[in-house]
Amino acid sequence: MSKIYDAVVIGAGPAGISASARLAEMGLQVIMLDEQQRLGGQIYRNIQQSSQKTRDDMGDDYTRGLNLALRFEKSGAACCSGASVWDIEPDGYVYFSKDHQSKQIRANYIVIATGAMERPVPFPGWNLPGVMGAGAANNLAKEAGLTPDCNVVMAGSGPLLLLEACLLIKKGVKIQAILETTPKFLSADAMLKVFSALKRIDFLKKGMKMVGDIKKSGVPHYKGITKLRALGSDKVEGVEAYNGSQRLYYPADMLLAHFGVIPNNHIYRLLGCHLDWNHEQRYWYPRTDKWGRTNFDTVFAAGDGAGVKGALAAEYKGELAALEIGHSLGIIPKYERDLMAKPIEDELAFDNHPRPFVDAVFAPVFSKDSFDDDTTICRCENIRIGDIRKAIGEGVREVNELKIVTRCGMGSCQGRMCGPAMAEITGAELALSPNEVGVLKIRPPLKPIPLGEVAEMELEGTGAGPADLFKNQSK
Amino acid sequence: MFKQETDQTKETVKVLLDGEPRELQSGVSVAAALLADGQIISRISPSSHKPCAPHCLMGVCFECQMEIDGVQQQSCIVQVKEGLKINRRLTGSKGEEK
């Protein structure tokens with residue numbers, strides 16, 4: 001019989017690290033699984049091996065990860081890196097693949113801290129080589145010290161787009177233009193929310209400095225652009241967009257696109273967690289109580305995967321989940337849990353002051369006109385948006401049905417890149433909100449693995465064989 | 001397409017890339033090492049038959065998927081190691097069976 005952990009934590013970003021560390025500090029047996037080779041997630045990627053230059057470039061928001069990593073190491077929590085979780089069950093069984101071997105482990109509690117991903121928004125040419133996420137460029141800088149060394153255009157919306165633009169400007173990268181799809185003027189909603197943000201003058205100053213730095217650099221910067229398009233045959237050669245009726249064109253070897261950040265929620269969907277819809281930022285996130293407990297008693301959600309609030313909030317939420325697990329396991333009494341949680345909740349509230357304002361300023365807006373029939377929506381299966389619209393025209397009303405009819409979302413990424421846009425398009429066509437057209441069902445394996453790995457796996461518990469893992473469960 | 005900061009450790013290891021011996025930077029992902037080496041194209045899409053390049057670099061998009069040691073894997077989450085057999089199956093490349 002294999003070892004049963006008190007808790008297994010999935011993901012080694014700020015939420016996963018802080019949850020694991022706190023659990024281990026309470027004397028619990030905890031193992032943290034992560035797909036990457038080194039802890040840090042995306043925000044603190046490669047933090048422990050990073051060069052001084054990288055740390056200087058990225059600043060305090062990055063180097064904070066050093067202390068967190070150190071805390072993790074001191075805590076005695078086990079870390080299993082390079083481990084890709086491909087199935088998970090609410091009774092505590094977790095299946096993962098590492099070094100071409102699949103293993104089953106069991107824990108009393110599961111903390112899911114799988115973080116966020118860049119919102120995939122299809123536009124003409126978005127699948128051309130040379131078009132990358134702004135976050136992708138940021139990751140390459142942290143991981144390998146890579147800086148774009150060619151004509152770069154940046155486009156899209158969101159604070160991270162501007163942050164990355166500032167970083168590249170500072171490094172002397174030749175940015176041809178910054179093309180924001182963010183509206184030119186603040187919405188009334190955003191203006192109302194500025195009052196909460198005023199409690200964090202430090203944060204607003206940082207944002208204003210960012211905008212000031214971009215202005216000073218002289219890089220052409222447009223807001224409210226439409227009809228973004230990457231041009232080229234086998235790779236990106238230029239970027240086109242419209243500023244009102246004015247056509248903008250820039251020759252480019254690289255287009256860094258970014259449209260905000262959404263929870264990486266596949267694992268919650270696989271598990272059958274109840275989801276809620278964020279109307280403003282237009283994404284699904286797991287429904288939890290204040291500790292992060294989902295509809296399954298044993299499963300907790302922490303960090304950006306449970307709703308995008310940033311790295312600090314993720315760290316705090318990891319702590320809260322750990323405290324509640326500690327309490328549930330009888331390690332700490334209720335009053336101690338609450339006493340320890342209080343300062344963390346205060347920090348969380350303080351950190352969150354500017355968030356409603358930022359979310360409102362960068363609220364994505366989609367309509368029928370946002371999407372072009374000829375654009376590829378599903379990269380894996382090469383499905384065009386026109387194919388989706390045709391199926392809807394023929395009477396399809398739900399995304400899973402669309403998947404069956406068109407194959408959109410059936411490829412190796414399992415709808416990660418096309419799912420959100422598929423819901424937006426279906427919603428727009430049917431005059432419904434995207435949360436009224438269904439969510440793609442997710443089945444194991446979460447990531448493609450060789451079947452041989454499953455067959456060779458040692459299973460315990462239910463008396464089930466490997467094939468039972470893939471039964472068509474009514475999840 | 002990319003330049004590398006000068007303070008990065010540039011230790012390299014030998015791999016077999018599309019059947020040809022090649023030195024790649026170690027300690028980073030296969031996708032990052034190939035991009036640092038100026039190799040942008042990661043695969044030919046089996047559905048559109050057009051070249052693809054890494055897009056998200058965080059394990060989401062599968063555009064950097066390639067055959068590594070005989071298994072189709074996301075090259076952005078596989079580390080460069082001595083002796084890796086990487087096959088992108090680009091047009092004209094020979095490839096190497098496991």
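In which order do the strands of the open sheet of three strands in chain A run? The legends below take up that question and then visit several other spots in this predicted model.

**Figure 1. A three-stranded open sheet in chain A.** The order is β13-β14-β15, and the pairing is antiparallel. At the edges sit β13 (226-231) and β15 (246-251) of chain A, each of which pairs on one side only. On average, neighbouring strands of this sheet are turned by 15° against each other, with direction ignored. If you would like a pair to look up, β13(A) and β14(A) (residues 238-243) are joined antiparallel over four bridges. Within that pairing, Ala230(A) has Val239(A) of β14(A) as its bridge partner.

**Figure 2. Helices α9 and α10 of chain A.** Here α9 (residues 311-328) and α10 (residues 334-352) of chain A have axes that come within 10 Å and cross at roughly 165°. An angle over 145° counts as roughly antiparallel, and so α9(A) and α10(A) are roughly antiparallel to each other. The crossing of α9(A) past α10(A) is left-handed. On the α9(A) side, the contact is made by Leu312(A), Ala313(A), Tyr316(A), Glu319(A), Leu320(A), Leu323(A), Glu324(A), Gly326(A) and His327(A). Facing them from α10(A) are Lys334(A), Arg337(A), Met340(A), Ala341(A), Ile344(A), Glu347(A), Leu348(A), Asp351(A) and Asn352(A). Sorted by class, the residues of this contact of α9(A) with α10(A) come to nine nonpolar, three polar and six charged.

**Figure 3. Helices α12 and α13 of chain A.** The axes of α12 (residues 385-393) and α13 (residues 399-406) of chain A also come within 10 Å, and they cross at roughly 115°. Since 65 to 115 degrees counts as roughly perpendicular, α12(A) and α13(A) are therefore roughly perpendicular to each other. This time the crossing, of α12(A) past α13(A), is right-handed. Asp387(A), Ile388(A) and Ala391(A) of α12(A) make the contact with Leu402(A), Val405(A) and Thr406(A) of α13(A). By class, the contact of α12(A) with α13(A) holds four nonpolar residues, one polar and one charged.

**Figure 4. Domains 2 and 3 of chain A.** The domain assignment splits chain A into domain 1 (4-117 + 262-332), domain 2 (120-259) and domain 3 (368-436). The centres of domain 2 and domain 3 of chain A, taken over C-alpha atoms, are 26 Å apart. Their contact draws six residues from domain 2 of chain A and 11 residues from domain 3 of chain A. On the side of domain 2 that touches domain 3 in chain A, five residues are nonpolar, one is polar and none is charged.

**Figure 5. Where chain A meets chain B.** In this view, 40 residues of chain A are in contact with 34 residues of chain B. At least two residues of the chain A side come from each of α2 (52-58), β7 (116-118), β8 (131-133), α4 (134-144) and β9 (146-148) of chain A. Among the contributors, α4(A) gives the most to the side that touches chain B, with six residues. The side of chain A that touches chain B has 16 nonpolar, 14 polar and 10 charged residues. Strands join across the chains too: β9(A) and β1 (residues 2-4) of chain B run antiparallel and are linked by three bridges. Look for Thr147(A), which stands opposite Lys3(B) in β1(B).

**Figure 6. A five-stranded open sheet in chain B.** The strand order is β3-β2-β8-β6-β7 (chain B), with mixed pairing. The edge strands, each pairing on one side only, are β3 (20-25) and β7 (71-74) of chain B. From one strand to the next, the twist averages 45°. Inside the sheet, β6 (residues 65-68) and β8 (residues 85-87) of chain B run antiparallel and share two bridges. Here Ile68(B) stands opposite Ile86(B) in β8(B).

**Figure 7. Two backbone details in chain A.** Most residues other than glycine have a negative phi, and most peptide bonds are trans. Arg282(A) is not a glycine, yet has a positive phi of about 55°. Arg282(A) belongs to the loop between β18 (275-278) and β19 (283-286) of chain A. The peptide bond from Pro444(A) to Pro445(A) is cis, with omega near -5°. Pro445(A) can be found in the loop between α14 (419-430) and α15 (451-455) of chain A.

How values were computed: Residues are numbered from 1 along each chain as its sequence is written. Chains are lettered from A and ligands numbered from 1 in the order in which they are written. This is a predicted model: local features need pLDDT of at least 70, side-chain atom pairs count only at pLDDT 80 or more; totals for chains, interfaces and linings use all residues. Axes are lines fitted to C-alpha atoms, for helices over the stretch in contact, and angles run from 0 to 180 degrees between N-to-C directions. Angles under 35 degrees count as roughly parallel, over 145 as roughly antiparallel, 65 to 115 as roughly perpendicular and the rest as oblique. A crossing is left-handed if the near helix is turned anticlockwise from the far one by less than a right angle, and right-handed if clockwise. Two residues are in contact if their C-beta atoms, placed from the backbone, lie within 7 Å. Ala, Val, Leu, Ile, Met, Phe, Trp, Tyr, Cys and Pro count as nonpolar, Asp, Glu, Lys and Arg as charged, and the others, Gly among them, as polar. Domain bounds come from an automatic or database domain assignment. Two strands pair if DSSP finds at least two bridges between them.
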